[in-house]
There are 2 protein chains.
Amino acid sequence: MQITILGGGGFLGQKLARRLAQDGAVGGRRITGLTLFDLHAPPVPMAPFPVKALGGDVADPADMAIAIPRGTDAVVHLAAVVSAQAEADFDLGLRVNVHGTLAVLAACRALRKPPRVVFTSSVASFDGGQEARLDDDARQLPGNSYGAEKAIGELLLQDASRRGFLDAVNIRLPTVIIRPGRPNKAASSFVSAILREPLLGLETTLPVPEEFAVWICSPRRAIDWFLHALAMDTAPLGLDRGVNPPGRSATVGKMLSALETVAGPAARALVKHAPDPAIEAIVGDWPASFTAARARNLLGFSEQESLEEIVQGFIEDDLAATRAERGI
Amino acid sequence: MQITILGGGGFLGQKLARRLAQDGAVGGRRITGLTLFDLHAPPVPMAPFPVKALGGDVADPADMAIAIPRGTDAVVHLAAVVSAQAEADFDLGLRVNVHGTLAVLAACRALRKPPRVVFTSSVASFDGGQEARLDDDARQLPGNSYGAEKAIGELLLQDASRRGFLDAVNIRLPTVIIRPGRPNKAASSFVSAILREPLLGLETTLPVPEEFAVWICSPRRAIDWFLHALAMDTAPLGLDRGVNPPGRSATVGKMLSALETVAGPAARALVKHAPDPAIEAIVGDWPASFTAARARNLLGFSEQESLEEIVQGFIEDDLAATRAERGI
């Protein structure tokens with residue numbers, strides 16, 4: 001099985017690459033090669049198969065033809081400009097998030113055999129806000145450019161799947177916590193920061209009230225979902241390639257309680273309230289909960305673990321590397 | 001008021017141009033100039049204001065910058081590759097229906113004042129089929145490339161409206177009957193043909209059963225909706241720029257009865273049953289009915305007239321021209 005990860009230098013791309021290298025197989029199929037593509041050639045893990053690292057532009061069809069060469073069986077398309085950045089720079093978001101996915105589609109269509117495409121869409125493609133608990137057939141009415149661009153990507157890949165150009169699973173990722181490294185340009189960056197920064201012994205700010213609920217998943221869960229989507233039978237999806245995976249709806253207050261349970265009250269005390277209407281305007285529109293019935297009952301996506309396990313998982317998987325990266 | 005009609009050479013574009021020329025104003029605002037744009041420079045009506053005809057490529061940003069010059073107050077974007085053609089030629093559909101709308105967006109964004117954009121989306125962007133009666137918040141899960149491309153256009157223009165680049169009204173047009181001229185490449189072409197061809201004294205075929213229901217509107221109604229959308233207050237639309245206008249759900253049998261009422265049993269006898277699974281596969285997926293509650297109760301879109309009035313309207317407006325065009 002020949003796999004390409006677009007956005008392979010990102011935090012989830014690197015985690016997936018390391019997991020593939022460790023497992024050597026996906027769904028019982030041996031991996032024969034892996035290509036990691038990002039703006040700059042990404043770090044390559046030790047693996048029992050050849051790994052190629054490429055740097056380029058996801059919106060350039062020539063670069064995509066190289067990143068997705070003949071023989072590619074699966075593409076994991078994680079390359080994106082994130083929410084606050086797509087809001088700040090419309091042209092960049094459109095280029096990477098829309099023209100990028102168009103270039104991915106063209107490269108996949110040029111293959112002899114339609115590849116599996118695992119595409120990360122987002123909770124940000126929906127509206128509804130704090131009161132929402134969305135069913136699987138909920139309409140996507142995005143209140144931000146990132147969400148609109150992700151919904152467009154879904155439509156492109158859904159139609160391309162129907163036509164047999166490729167075989168897509170569009171996973172609407174919840175807000176992934178706890179992101180390692182530094183705060184990023186996602187509007188939801190704070191949801192990770194309020195847990196990560198205290199674990200590093202650093203103060204951080206909370207831009208929303210503690211009652212504010214977020215639809216979340218852990219990096220471990222996201223990687224498990226990608227592996228499942230790479231190997232699953234897509235026939236039960238039918239026309240509808242969109243999957244709302246079984247994340248977890250949690251208030252910021254519950255997250256901070258989990259932090260306190262795992263790391264003590266001193267950690268929690270490092271989180272200071274500092275309301276930010278710009279951030280709340282973006283994330284406040286995203287739905288706080290989904291039924292995720294199809295993913296759970298029909299498609300076999302695994303359940304999200306507890307908040308305490310998420311905090312513990314970060315300590316085990318990412319705390320040391322984050323300390324090293326940031327010189328703490 | 002300076003107006004551009006993209007797809008101004010098409011059947012609805014020409015009707016709208018003649019109506020604007022006749023009225024000289026929209027919503028009480030005097031028209032100061034009209035630009036008609038299509039693949040080839042369209043025919044120009046006699047008008048009390050300057051009318052410019054341009055030929056070009058809607059997907060070419062340079063052509064769009066000329067078609068939508070500084071000072072443009074409103075753009076009616078009707079330019080599209082229709083359903084069966086977009087299904088037969090994926091690249092052409094993507095170019096005109098997606099890259100075209102991207103170029104329209106870019107040209108509108110370059111203006112000093114965000115223009116009103118009236119965009120024709122389609123019932124084909126929905127699924128649900130014969131049993132469906134869709135609410136205004138129904139999800140668009142298109143089963144054809146044309147519908148996917150229209151849904152993508154809506155997302156682009158909805159987000160551009162939210163950002164203040166333009167001010168869009170995305171009208172999901174029902175199947176418009178009775179189209180004048182010749183059969184076209186829309187999968188729904190037969191819905192007009194079963195009424196038009198007998199009125200011309202010609203035999204035609206019906207590819208679906210008489211119980212088959214279609215969500216329809218007349219050309220007169222479509223033009224009225226465009227005029228309303230050009231002048232309406234868009235504030236009540238909020239984030240949601242999609243409008244399901246109040247068309248009419250009618251079975252093919254009822255349409256043929258209306259034909260018989262207006263033109264006699266000899267006309268109806270010219271329609272021969274000839275099942276076509278390819279056509280039924282496309283149109284059979286489109287919903288047969290909408291509640292259209294928002295358009296009716298909140299937005300002031302006018303109601304569809306009766307089937308008999310639709311047949312009579314074609315005779316009054318288009319029969320002579322269609323005879324002349326086809327040399328009948």
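Copies are superposed here by least squares on the C-alpha atoms of residues with pLDDT of at least 70 in both. Keep that in mind as we begin, and remember throughout that this is a predicted model.

**Both chains**

Show chains A and B together. A turn of 180° with a shift of 0.0 Å along the axis lays chain A on chain B, and the RMSD is 0.0 Å. The two copies are thus related as by a two-fold rotation axis. To find that axis from chain A, select Arg139(A): its C-alpha is the nearest to the axis in this chain, at 2.1 Å.

Now colour the interface. Of the interface residues of chain A, 100% are interface residues in chain B as well, so the copies meet through the same surface.

**Chain A as a whole**

Hide chain B for a moment. Along its principal axes, the C-alpha atoms of chain A fill a box of roughly 55 × 40 × 40 Å. The radius of gyration is 19 Å, which agrees with the value near 20 Å that a compact globule of 328 residues would have. Switch to a cartoon and you can look for 13 helices and 14 strands.

Contacts also tell you about the fold: among those between residues at least 6 apart in sequence, 78% join residues at least 24 apart. As for burial, 53% of the residues in chain A are buried.

**The seven-stranded sheet**

Next, select the strands of the open sheet in chain A and walk across them in the order β5-β4-β1-β6-β7-β8-β12; the pairing is parallel. At the edges stand β5 (51-55) and β12 (242-243), each with a single partner strand, so one side of each has no neighbour in the sheet.

Zoom in on β1 (residues 2-6) and β6 (residues 74-77) of chain A, which run parallel and are joined by four bridges. Which residue does Leu6(A) stand opposite in β6(A)? Pick His77(A) to see the answer.

**The nonpolar core**

Stay on Leu6(A) and bring chain B back. Leu6(A) is among the residues with the most contacts inside the largest nonpolar core, which has 206 residues; Val76(A), Ile194(A), Leu6(B), Val76(B) and Ile194(B) share that distinction. In chain B, this core draws at least three residues from each of domain 1 (2-176 + 216-243) and domain 2 (189-214 + 250-286 + 306-326).

For a last stop, centre on Ile194(A). Leaving aside residues up to four places away in sequence, Ile194(A) touches Thr204(A), Leu206(A), Val252(A), Met255(A), Leu256(A) and Val271(A).

How values were computed: Residues numbered from 1 in each chain as written. Chains lettered and ligands numbered in written order. Predicted model: local features only at pLDDT ≥ 70, side-chain atom pairs only at ≥ 80, totals over all residues. Contact = placed C-beta atoms within 7 Å. Core = buried A, V, L, I, M, F, W, Y, C linked by C-beta atoms within 7 Å. Buried ≥ 20, exposed ≤ 12 C-beta atoms within 10 Å, placed from the backbone. Domains from an automatic or database assignment. Helix = DSSP H or I, 4+ residues; strand = E, 2+ residues; numbered from the N terminus. Rg over C-alpha atoms; globule rule 2.2 N^0.38 Å. Pairing = 2+ DSSP bridges.
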